[in-house]
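Dear colleague,

I am handing over to you the structure shown below, and I would be glad if you read it alongside the notes that follow.

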Amino acid sequence: MKSFDIKTKIFFGDNALDRLSEIPYKRVLVITDPFIAKGPMISMITNPLKKAGIEFDIFFDVVPDAPVEKIIVGVKKFLEYQPEAIVAVGGGSAIDSSKSIREFSLKISHYADVGLIAIPTTSGTGSEVTSFAVVNDTQAQIKYPLVAESLTPDEAILDAELVKSVPPSITADTGMDVLTHAMEAYVSTNHNEFSAALSEKAVEICGVFLLRAYLDGNDTHARQKMHVASCLAGLSFNSASLGLNHGMAHQLGAQFHIPHGRANAMLLPHIIEFNTGINMGSRSQKEYHPCVKRYSTLAHILGLSSYNKVMSVRSLVNWIEFMLKEMKIPTRISEIGTITVDEYMSKVSVMADAALADGCTPTNPREVTKEDVMKIYQQLW
Ligand SMILES: NC(=O)c1ccc[n+]([C@@H]2O[C@H](COP(=O)([O-])OP(=O)(O)OC[C@H]3O[C@@H](n4cnc5c(N)ncnc54)[C@H](O)[C@@H]3O)[C@@H](O)[C@H]2O)c1
Ligand SMILES: [Fe+2]
């Protein structure tokens, strides 16, 4: 038996932030990062709260990739302030930190339920609607996805005004995260008709609007579309889960601090080639893995379909490589410039072990061995 539900109520469209003056809470803790807390954007959050007479405090100690030690500081703040709800404002790092802070605070205190309102300021993770929170154990150098229904936000507010300030490189990285979520969920062993419909729409939007949002951050229409696509892809993988791409990307983030979306983007062509068994050097096969058909459907949605499915998958890989080049995302680790070959290669084995143990990997369409994972990491150099 399968089931599908959307736990999070989603507010979107023009003036979506007005919802903040209607929320059913009197005392909230805003959790965000220093860039947002100290910039002009924070007033877009605090003004409606003030207007509605809602008391608030701001915890702005969020840093990228939700390290466990910062979550502990957040839990202390939460227990001191005792809010009725958390308002998480920021990219995936702020939203995942907020999810974890609420979860751990409720576990160690005898407190009734506490609301969580997620307000993304990047169009990327879809974390505003998922039961995932990725945390970073900085000592063990491993990023873990925590997965629990109780992590899912109660409300999400999608207001594209908040993403206009995202610079091109972060628009590129986070936009490729959206595309990776949609594609991995689409071919996941857990895919279903509901998740597929959400992925197809998200891929279609990325095909038309990601480059537009990258080239002109003030293109409101493109920003709005990508903001919705991010949420659609989040809903999709919340149901279908992800795959090896994310399992491997988490390790590149933990070991080398490569931004999450960038790591996914760099891996995506390699993972499609691995999953389908189609690469530049491969010869025709009698039978292809069933995921070839699913990837070729995505190629069709992007207007890339060819006279046969294998060629369509090739076109898909070429298009992704084109997107990376257009958006100045490195295609190889060596292009990043700050990581030496010895440093990188010395971590390949440990990253492969962690990728195989990652919670995202089991739903990859093709079974994978440590040797396979090591080979993909090596190719990425
Ligand atoms: N929970 C999930 O379902 C899920 C899914 C995918 C990824 N993740 C996790 O989310 C994290 C990545 O999130 P992210 O890609 O959104 O990046 P992020 O939250 O780490 O933010 C990246 C940078 O963008 C800046 N930023 C955010 N909003 C901005 C704005 N409006 N204008 C200008 N700058 C802005 C931040 O200050 C930060 O410096 C990773 O830890 C990743 O593992 C979680
Ligand atoms: Fe992601």
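**Two domains and what lies between them**

The chain of this predicted model is divided into two parts, domain 1 covering residues 9-165 and domain 2 covering residues 169-380. Taken over C-alpha atoms, the centres of domain 1 and domain 2 are separated by 27 Å, and the contact takes 27 residues from domain 1 and 31 residues from domain 2. On the side of domain 1 that touches domain 2, the elements that give two or more residues are strand S1 (9-12), strand S6, strand S7 (142-147) and strand S8 (155-158), and the largest share of that side, four residues, comes from S7. Sorted by class, the side of domain 1 that touches domain 2 has 12 nonpolar, 11 polar and four charged residues.

Where does ligand 1 lie with respect to domain 1 and domain 2? Because domain 1 (9-165) and domain 2 (169-380) both give residues to the shell around ligand 1, the ligand lies between them. There are 30 residues around ligand 1, and of these Gly91, Gly92, Ser93, Ser127 and Val134 come nearest. Helix H4 (92-108), strand S6 (132-137), helix H5 and helix H9 are the elements that give two or more residues to this shell, and H4 provides the largest share of it, four residues. When the residues of the shell around ligand 1 are divided by class, 11 are nonpolar, 15 are polar and four are charged.

**The sheet and the helix that packs on it**

An open sheet of six strands, paired in parallel, has the order S1-S8-S5-S4-S2-S3. S1 and strand S3 (55-59) stand at the edges with a single partner strand each, so that one side of each is left without a neighbour in the sheet. If direction is ignored, neighbouring strands of this sheet are turned by 20° against each other on average. At the S1 edge, S1 and S8 run parallel and are joined by four bridges, and Lys9 stands opposite Glu155 in S8. Helix H4 packs on the sheet, where it touches strand S2 (27-31), strand S4 (85-90) and strand S5 (115-120), and the direction of H4 makes about 160° with that of S4. H4 thus appears twice in this account, since H4 also gives four residues to the shell around ligand 1.

**The hairpin of S6 and S7**

S6 and S7 run antiparallel and are joined by six bridges, one pairing being that of Val135 with Tyr144 in S7. These two strands form a hairpin with four residues between them, and in the turn Gln141 has a positive phi of about 55°. Both S6 and S7 are among the elements on the side of domain 1 that touches domain 2.

**The pair of helices H5 and H9**

How, finally, do H5 and H9 pack? Helix H5 (residues 168-187) and helix H9 (residues 260-276) pack at an angle of about 35°, with their axes 7 Å apart, and H5 passes H9 in a left-handed crossing. From H5, the residues Asp173, Thr174, Met176, Asp177, Thr180 and Val187 take part, and they meet His260, Gly261, Arg262, Asn264, Ala265, Leu268 and Asn275 in H9. By class, this contact of H5 with H9 has four nonpolar, six polar and three charged residues.

With best regards

How values were computed
Residues numbered from 1 in each chain as written. Chains lettered and ligands numbered in written order. Predicted model: local features only at pLDDT ≥ 70, side-chain atom pairs only at ≥ 80, totals over all residues. Axes fitted to C-alpha atoms, helices over the stretch in contact; angles between N-to-C directions. Left-handed = near helix turned anticlockwise from the far one by under 90°. Contact = placed C-beta atoms within 7 Å. Nonpolar A, V, L, I, M, F, W, Y, C, P; charged D, E, K, R; others polar. Near = placed C-beta within 6 Å. Domains from an automatic or database assignment. Pairing = 2+ DSSP bridges.
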